[in-house]
Amino acid sequence: MSSDETPNLPAARNTRDAVREKAQRVRAQQSRARLMRRLIIGTVAVVAVGSIGAAVAFAVGSSISKPMMDPSGMIDDGVTVNDITLASGDAAATSPDAVPTPSEAAATPTPKTTETAVDPTEIHIYVDYLSAGASEFEKANARQLAGWIKEGAVTVTYHPIALLTASSNGTKYSLRAASAAACVVTYSPDQFFDFNHELLTDQPEIDSDGRSDEDLANLAVAVGAENVKKVRSCIEDQDFVGWAKDATARALEGPLPGSKDLKLTNEALIIVGGEAYVGALDDPAEFSQFVLTTASDQYYGATEPTPTPTPPATPVPTESPES
């Protein structure tokens, strides 16, 4: 006797319920998965936005807390040296007594001129501390300039610039050295000339890394810088790098101080009385002659001819009324 019942198979209703239940479980799992993805994406987004916001806030805060600084003790981006003491053993230094000073040459009396007060001749020296030409000039003329300054014959103004910033393996030595010089001017001005002299006479090779900021600070201390903590902090924090960039740009645009229309054309430019020196940088005699000639021209251009007295009129004889 056969039967239509098949006890080994589930009833249709049970099967549908099982499928529905499984589908619900899958949908529930998918829903949980979607929810988790949303939570993860949302969390990542919040973290990312927060990180960006923090970075922006830090950058803005840094720019506000440390604005671009300008050095003090400078006029027209230059420092005028008034008092110099050089060691007697400096090589290639010329004695200031070997040639007459610009004021002596300019004040030589000439006929038919009235003597006037002789103003010091203005000398402006633009130096990139990686420039071989600037180094040659300093070695050859430092003692000569020192003598003239002490006698009041000239005023010498140094202008740190940074034209060779790309010539130091990416360390931007020219820029950092110019900034360091400005730090010394600001916090220890009496030691600027010695610092400047050492930077130029003990100069790193071009296309080398140059001195580190710590080395520059140590050099400032070695030449006797005062306010050591401020000088060191200023140099190592590169406080005046922005100023050095802008000062170089201003010099390239011109006109340069003491001249009518000159612009910075090279990394070792010397201007005397408004005229650019184009002679040999390592020849102190040639430079001395240029300074003396310029000083004389300025002096004679400032003199006035002595008025020539008019002789009295000769009386004309008149006839006597009796004759």
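## A five-stranded sheet, its helices and one disulfide

Strand β2 is mostly covered, with seven of its eight residues buried. That makes β2 a good place to start a tour of this predicted model.

**The sheet around β2 and β3**

Which strands flank β2? The order of the open, five-stranded sheet is β1-β3-β2-β4-β5, and its pairing is mixed. At the edges stand β1 and β5 (275-276), each with a single partner strand, so one side of each has no neighbour in the sheet.

On one side, β2 (residues 121-128) pairs with β3 in the parallel sense over eight bridges. Here I125 stands opposite Y158 of β3, and V127 has P160 of β3 as its bridge partner. To get from β2 to β3 the chain passes through helix α3 (residues 132-150), and this β-α-β crossover is right-handed. On the other side, β2 and β4 run antiparallel and are joined by five bridges; in β4, V272 is the bridge partner of I123.

Strand β3 (residues 154-161) is also mostly covered: seven of its eight residues are buried. Its link to β1 (residues 79-81) is antiparallel and consists of three bridges. Y158 of β3 is the bridge partner of V79, while V156 of β3 is the bridge partner of V81. As background, strands of a sheet pair through backbone hydrogen bonds, in either the parallel or the antiparallel sense.

The strand pairs described above can be set side by side:

| Strand pair | Direction | Bridges |
|---|---|---|
| β1 and β3 | antiparallel | three |
| β2 and β3 | parallel | eight |
| β2 and β4 | antiparallel | five |

**Helices across the sheet**

Two helices deserve a look here. Helix α3 lies across β1, β2, β3 and β4 (268-272), and runs at about 150 degrees to β3. Helix α4 lies across β1, β2 and β3, and its angle to β3 is about 135 degrees.

**The nonpolar cores**

Which residues have the most contacts inside the largest nonpolar core? They are I123, Y158 and F287, in a core of 58 residues. Helix α4 (residues 173-187) supplies the largest share of this core, with 10 residues. Apart from this core lies another, of seven residues, including Y126, I161, A251 and L264.

Two of those best-connected residues have already appeared in the sheet: I123 as the bridge partner of V272, and Y158 as the residue opposite I125. The third, F287, is worth following through its own contacts. Leaving aside neighbours within four places in sequence, F287 is in contact with I123, F137, N141, Q144, L145, W148, I270, V272 and Y277. The pair I123 and V272, bridge partners between β2 and β4, are thus both found among the contacts of F287.

**The disulfide**

How many disulfides does the structure hold? There is one, and it joins C183 to C234 with an S to S distance of 2.0 Å. C183 lies in helix α4 and C234 in helix α7 (residues 228-236), so the pair ties together parts that are 51 residues apart in sequence. Both C183 and C234 are buried. Is the disulfide left-handed or right-handed? The torsion about the S-S bond is about -75 degrees, so the disulfide is left-handed.

Helix α4 therefore turns up three times in this tour: lying across β1, β2 and β3, giving 10 residues to the largest core, and holding C183 of the disulfide.

Note on methods: Residues numbered from 1 in each chain as written. Predicted model: local features only at pLDDT ≥ 70, side-chain atom pairs only at ≥ 80, totals over all residues. Heavy atoms only, no water. Core = buried A, V, L, I, M, F, W, Y, C linked by side-chain atoms within 4.5 Å. Buried < 20%, exposed > 50% of the residue type's maximum accessible area, 1.4 Å probe, protein only. Helix = DSSP H or I, 4+ residues; strand = E, 2+ residues; numbered from the N terminus. Contact = heavy atoms within 4.5 Å. Pairing = 2+ DSSP bridges. Right-handed = clockwise from strand over helix to strand, strands pointing away. Axes fitted to C-alpha atoms, helices over the stretch in contact; angles between N-to-C directions. Disulfide = S-S within 2.5 Å.
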